[in-house]
Amino acid sequence: MPKCDHCLIEFPERDAVHDEIRGEARVFCCHGCQGVYRLIHDEGLDDFYRKRAGWLPGPVLEQTIDLAAFTGSVRTVEKELCETDIMLDGIRCASCVWLNEKVLERTPGIFYARVNYATHRARIRWDPATTGLAAVLGRITSIGYTPKPFSERAYEEEQRKLSRDLLIRFGTAAFFSMQLMLFSAALYAGYFQGIDPALRSQFQWISLAMTTPVLFYSGWPFFASALRGLRHGAFTMDVLIVAGAGSAYIYSMFQMAAGGEVYFDTSAMIVTLILLGRYIESGAKRKASESLTRLLSLSPPGARLLEAGPDGSIAAAHRRMTTIGSVKPGDLVEILPGEQVPLDGIVADGASEVDESMLTGESLPVQKTPGAEVFGGTRNLMGRIVFEVTRTGDETVLSRIVRAVEDAQARRAPVQAAADRFVGLFVPLLILSAVATAGFWLFRGSGLSAAVMHAVSVLVIACPCALGLATPLAILVGTTYGVSRGILIKGGDVIERAKDIDTVVFDKTGTITEGRPLLVYARGIGIDDARAIRLAASLERYSEHTIGKAIVEGAKSEELFAVQDFSAAPGAGVRGIVEGSMVKVGTREFVKIGRGEEYGQGDKETRRQGEKDRRGDTETREYRVQDGQGDNATKGQGEKGQELEGLREGERAGTTVVYLSMDGMLAGVFGISDPARQDASGVVKTLESTGMHIAMITGDAQGTAEAVAERVGITSVMGRRTPVEKAEELQALRSRGRHTIMVGDGINDAPALIEADVGIAVGKATDIALESADIVLLRNDLRLVPLSIALAKKTYAVIRQNLFWAFFYNIVAIPLAVTGVLHPIVAAGAMALSSLSVVGNSLRARVK
């Protein structure tokens, strides 16, 4: 019967589909295989047919795709790209993974495609402006694979099945191995004291019978993994396990035929002890992931949706229960006492206290009134609230935290990559060492039995399981523990960079200070005070900066003006057209720019003036005064100087001075006071006690910054820095050999967070700060900064300890095995204990 050139299945000649490709005759079992073969050929991916190994014959799967089932799993990620996770049916070998990744990566608009061979889970990222979900799924089906929606719950169920399977295999191995040891003990005793040959033969056959299920059932995952690796030229740790256990088993069978001694117990105990280590490892991973599992279960399956009544009021709204997936941004959702908040939103009606400890680690409930933000997964305590939904699906804070932790645990530290490369070289070298050991003992005149047993000892003792566990398990435990304390570390590479930190740079507003500034005075210059505050608040209501919010709060009883052409310059101020005039609110440099000029685009005079201010220049500058109703007043130079000096005195006392200009003329000044956090001084002392150099950088005036810094014990202060200049200062510190951490919370901190070796975003930070940071503090507690540094350093120390003991174990044990000191059964126990020591030590990756 002919064999299909694509799927390799044999089929009757009457069903054959013939084709000619590149002048060669091809035969297929169906038109589906023919189409897939042609597509692979046209894409230039013919290597698929040369690479595939272990292919299970079978035709192309039937393609039934329900696009609606996938839409809920699509999320928006960086640079407005779309991303989704799907499961792939039809993955038969590693070449299937290669083919899917290559086909997807060659598709216009797709930026990223990775398929996990073990789980068949694919993560795909694309530009929605170029391609769409239907086209992505169509590419997969076109090459004969069936995409299915990825379900976190189904994935967890699969992991539970795998864990249960591991337990059953270990239980089976342990049961037979315990029985086997009884007969092995009798055979060893008979070796020294003598035993009836018939009884010895009977015990050996019983030992064979008990070892066979241990090796070929309990140990089958090792065989399967080793075979997959060898087909692709990869020498994995499982190759050593199979070589050690398999050689002891085969050698014992030959010894039975020759009337010699058997070592079935060695083969069985190798498998049993390694299964024990892997089961404990699996338990440690489950324990480390418990916080994620709890987070995933926080979101309720449904929501109580409010549909406004005829008069549009909430009181007359109709209530109905619906699924979370059907709720859209802008919908109103009602939460009763004791219920969980299903999604993120803004409170529109009612008041209550909400327990946010599951997200932030903060035990005290948080008061929620209209305008306050609520987060999915938190629990409403006492009152009834109605909130307007702002984020759904994968965009909620809860989903983003879970996804960030998953990504963090998948990101590899450079030290882990180095360890993995070592394992790839270590395994083939050890196999050669085992062969050389056998040859050495044979050359010395030892019998074949002794030579083989010494070789088996080398294979068993050298299994680098501990080396493979050293880094990923410590990172898993450390990052998950961090989440439980309100610290989100975004990957193992962050932990490695944090180990060398010697300088911590803090932003001022919202980081060192409370971030709740108050307007202490408002003074109009040439216009009345009320008009000045109305003009400033009209612009600042569109800003997210905390200083702007203080101005808006101070003018809440005033009627605000309409604003046109609003724009913001991060770290400088805001501008817009109000009643036909260009109005600016911000720093001295920003408001002094003439009408029509753009901030930061060649205004060299302004930049020079800012540099003068930073050098402490106190030159009194001229400014014009314009009355809002046309009443021009001229102040004497002395009076102007006194007023400006008074403002600077305010800056030196810690008050932030904000300036207002109209059409290039100074029209008002405002004093903003933002008290330092109560815990800031203690945090600075804690960091300094560990040898850290502490600095503060801010866009605020130098005098204001120095006053705040003095209160909390910081001596190095950099004031009047734009966002770009903040990043430049971080770059300068690094060029001088400093290893820096930047701690901030706003848009103006994002460049510095990226430029620093490690960026830390404080709780309640802006979205762009959260995305730019390497570590996110999930609650607004500055004491988490030294704790996060300590956790990163402790985790890295545990990694180093793990690697040291793994290397030390091999350096000491391999020579003992080569010289014949270690028996294979002792070697198996020592190897398992080394893995258990790494697991136990990794659980120490936490701080008090």
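Reader: Why is Arg-720 called buried?

Author: This is a predicted model, and in it Arg-720 has a relative accessible area of 10%. Buried means under 20%, so Arg-720 counts as buried.

Reader: Where does Arg-720 sit, and what is its phi?

Author: Look in the loop between strand S26 (716-718) and helix H26 (723-735). Phi of Arg-720 is near 55 degrees, a positive value. Most residues other than glycine have a negative phi.

Reader: What makes Glu-579 exposed or buried?

Author: Its relative accessible area again. Glu-579 comes out at 56%, and exposed means over 50%, so Glu-579 is exposed. You'll find Glu-579 in the loop between strand S21 (573-578) and strand S22 (581-586). Glu-579 isn't a glycine, yet its phi is positive, near 50 degrees.

Reader: OK, on to Arg-169. How do you know whether that one is buried or exposed?

Author: The relative accessible area of Arg-169 is 12%. The cut-off for buried is under 20%, so Arg-169 is buried. Arg-169 belongs to helix H6 (residues 152-193).

Reader: What makes the link between the side chains of Arg-169 and Asp-165 a polar contact?

Author: The two side chains are joined at 2.8 Å. A polar contact needs a pair of N or O atoms within 3.5 Å, one able to donate a hydrogen and the other to accept it, so this pair qualifies. Setting aside residues up to four places away in sequence, Arg-169 also touches Tyr-217, Ser-218, Trp-220, Pro-221 and Leu-275.

Reader: Now the sheet. Why are S9 and S14 called edge strands?

Author: The sheet is open, with 6 strands in the order S9-S8-S10-S16-S11-S14 and antiparallel pairing. Strand S9 (318-323) and strand S14 (373-374) each have a single partner strand, so one side of each has no neighbour in the sheet.

Reader: How do you know that S8 and S9 pair?

Author: Two strands pair if there are at least two bridges between them. Strand S8 (residues 302-307) and S9 have 6 bridges, in the antiparallel sense, so they pair. As one example, Gly-302 has Thr-323 in S9 as its bridge partner.

Reader: And why does Pro-300 count as buried?

Author: Pro-300 has 15% relative accessibility. Buried means under 20%, so Pro-300 makes the cut. Pro-300 is in the loop between helix H11 (290-296) and S8. Beyond residues up to four places away in sequence, Pro-300 touches Ile-324, Gln-340, Val-341 and Pro-342. Pro-300 and Thr-323 are 23 residues apart in sequence, and their C-alpha atoms are 9.1 Å apart in space.

Terms used: Residues numbered from 1 in each chain as written. Predicted model: local features only at pLDDT ≥ 70, side-chain atom pairs only at ≥ 80, totals over all residues. Heavy atoms only, no water. Helix = DSSP H or I, 4+ residues; strand = E, 2+ residues; numbered from the N terminus. Buried < 20%, exposed > 50% of the residue type's maximum accessible area, 1.4 Å probe, protein only. Contact = heavy atoms within 4.5 Å.
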